[in-house]
Each structure stands twice: as C-alpha cells, then as structure tokens.
Amino acid sequence: MKKEVLITERSIKKFEKYMREQERSTSTISNYIRELRALQFYSDGEAITKTKLLEYKSILNDRYKPSTVNVSVAAINSYLKFIGRNDIALKPVRVQKNSFEENDKELSKSDYERLTVTAYKNGDERLALAVQTICSTGIRVSELQYITVQAKADGHTIIACKGKRRTLFLPQKLCRLLKQYCDKRCITQGAVFVTSGGKPLDRSNLWKQMKRLCEQAKVQKSKVYPHNLRHLFARTYYNREKDLSRLADILGHSSINTTRIYTRECGAVHARQIEGLGLIRNTTQC
C-alpha cells in the first residue's frame, strides 16, 4: 500500500535539505518551498491525492498564466519524486511557444542605454554599472557576486552555478569602469556590487532600483527587469556571431533549446522579415 501524502513543516524542511544537497540554486529552492507552502495551505492538513492535486491545478489555471502554473507543477512534482509518489505527479500545462518576443516585453538597446544614462544622471553609479555588467557579459543577477576586485584585475572570473563552473571574460572597458568605481569607494577586496549592509546585490534590490528609472528614462515598466538584460546580451551576441553553441556556453545553459528562447526577436522584426519575402503578386499588373 502506497504511503499517504501529507505536507508538514518537517517534510518541507527535509525537502529543502534534499534540494540543497542536490545543489539546486537558491532561487529555485526558495520558489519551490513557496509553492509547496501554498499547496499545504490549500490542503489544510488533509492528505494529498491525485484528485485534490487536479483540483488545485484547475484553480491555478483560472488565476495565473500557464508559465506561472508550470512553476507550481514543477515544485509539486519535485516534492512527489522526493517522497516516492511519482504516481500522482501532475502534467505541465502545454503551451505553444511564440517564435518571437512580445513587443512590450523586449528590452531594446536604446531602452537599455536610456536606463543607464538616467542612472548616471541620478548619481546612482552602482546601479548604472551593475546594469552594464549584466548586459555586457550575460550573467545572471545571482552571479553578480562573482564580479570581484580580483576579477576586474584579471579580466575574467570563474562562476559556479547549478553544479557547473564556467569562465566568464569581462570586456576591457567594463574592467576600467569597475576599477574607477572601486577606487572611488575604496573597495579593495571581495564583491564589487554590495548593499549598504555589505551583502551582495540580489534580484529584488536591482529590480526595485531599475523600476524607479522607468518613467524618467521613458521606458515601459513591462520591459524592465534584470533578466531582460541577459536576453538583450544574448540577442546582440547571436546577431553578431551566429554561434548558438558558444552562446549557450557563455550563458551557462545545459540545453541549446533554452538559448534559442533568449535569441528571439520581437514581433515587429518578424513582421518585417515576412513582408520582405515579396511573395504577394500585384494582380492589377497582370
């Protein structure tokens, strides 16, 4: 007889420990625990059955986008695998992916430049430089901690993320800017980008600071979040080099299919490409 599935504080702690041992990223662990607690609240102490999970998934589908629902499904399935109950796992919501990015979500190079200039005008050199560091290297926000005083001197850094290590080269111009920044603030060791309390800048810190620039920089808020800088790097690199495999290595992707998503252009670019095919004949000239 298969064991009853219950979500308790003890089981959540064990699952969290398991994920740390599996070297899952900090953000993944945080997201999965949040989703598991939401299911715990919904179940209200009752055993988790396949029927209850399907009801919960239906509620999520009514309230959230498919991508958000699938985060919850992934978290639940990971927990079920951990306790040996794959038999009641949920199927993710199937979504037909667009071959292009929505116009109101794609951060353009001019948007990026306006955000950077605005940050400098506001006297926020740290924000301006953090934005440029992510966009010129393609690193994740969580990897900003690897941009250290030593790294800017060496011109490269070693990034350890999701159980993998990769070497990231820093543009010389960026290294010069980092040196000027560190010299001004007497930063002689450790991470370059830290909060006033000395902790590394995280996604939340950067996201809030970037959003504050939107109105002044005349950039849509829907376009402005740290990960979009990584997407802009990917598109710019691919349009120049056309080397998807190398780009995957730079971004730290295990699958080129993930990298393809990053290189999608906006719908307006696709529309121009279709128009340029010239396959409509002007019948009035026949």
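**Exercise 1. The main core**

Which residues have the most contacts inside the largest nonpolar core, and how many residues does this core have?

*Solution.* Before we start, a word on the model: it is predicted, so local features need pLDDT of at least 70 and side-chain atom pairs count only at pLDDT 80 or more, while totals for chains, interfaces and linings use all residues. Residues are numbered from 1 along each chain as its sequence is written, and side-chain values use heavy atoms, with hydrogens and water left out.

Step 1. Learn the term. A nonpolar core is a set of buried Ala, Val, Leu, Ile, Met, Phe, Trp, Tyr and Cys residues joined through side-chain atoms within 4.5 Å. Buried means under 20% relative accessible area, exposed means over 50%, and partly exposed lies in between (1.4 Å probe, protein chains only).

Step 2. Find the residues. The largest core has 46 residues, and Leu144, Ile147, Phe193, Leu206 and Leu229 have the most contacts inside it.

Step 3. See which elements take part. Those giving two or more residues include α5 (109-121), α6 (125-137), β1 (156-161) and α10 (226-241). α6 gives the most, with seven residues. Helices (H or I, at least four residues) and strands (E, at least two) are DSSP runs, numbered from the N terminus.

Step 4. Look elsewhere. Another core, of 23 residues, lies apart from the largest one, and among its members are Ile29, Tyr32, Leu60 and Ala75.

**Exercise 2. Two sides of a helix**

Find which residues of α5 are buried.

*Solution.*

Step 1. Trace the helix. α5 has 13 residues and reaches 18 Å from its first C-alpha to its last, close to the 18 Å expected at 1.5 Å a residue (the expected span is 1.5 Å times one less than the number of residues).

Step 2. Pick out the buried residues: Asp111, Tyr112, Leu115, Thr116, Thr118 and Ala119. These residues cover an arc of only 165° around the axis, so they sit on the same side of α5; the arc is that of the directions from the helix axis to the C-beta atoms.

Step 3. Turn to the face away from the buried side, where you will meet the exposed residues Lys109 and Lys121.

Step 4. Check the packing partners. The buried residues of α5 pack against α6, α9 and α10, where contact means heavy atoms within 4.5 Å.

**Exercise 3. Charged pairs**

Find the partner of Glu9 in a salt bridge, and say which helices the pair ties together.

*Solution.*

Step 1. Start with the idea. Side chains of opposite charge can pair when their charged atoms come close. A salt bridge is a side-chain nitrogen of Lys or Arg within 4 Å of a carboxyl oxygen of Asp or Glu. The structure holds 14 of these.

Step 2. Name the partner. Glu9 pairs with Arg37, and their closest N and O atoms are 2.7 Å apart. Glu9 lies in helix α1 (residues 9-21) and Arg37 in helix α2 (residues 26-43), so the pair ties together parts that are 28 residues apart in sequence.

Step 3. Check exposure. Glu9 is partly exposed, at 40% relative accessibility, and Arg37 is partly exposed too, at 32%.

Step 4. Set another pair beside this one. Arg140 and Glu143 meet in a salt bridge at 2.6 Å, N to O, and both residues are buried.

Step 5. Finish with a network: salt bridges link Asp111, Arg114 and Lys223.
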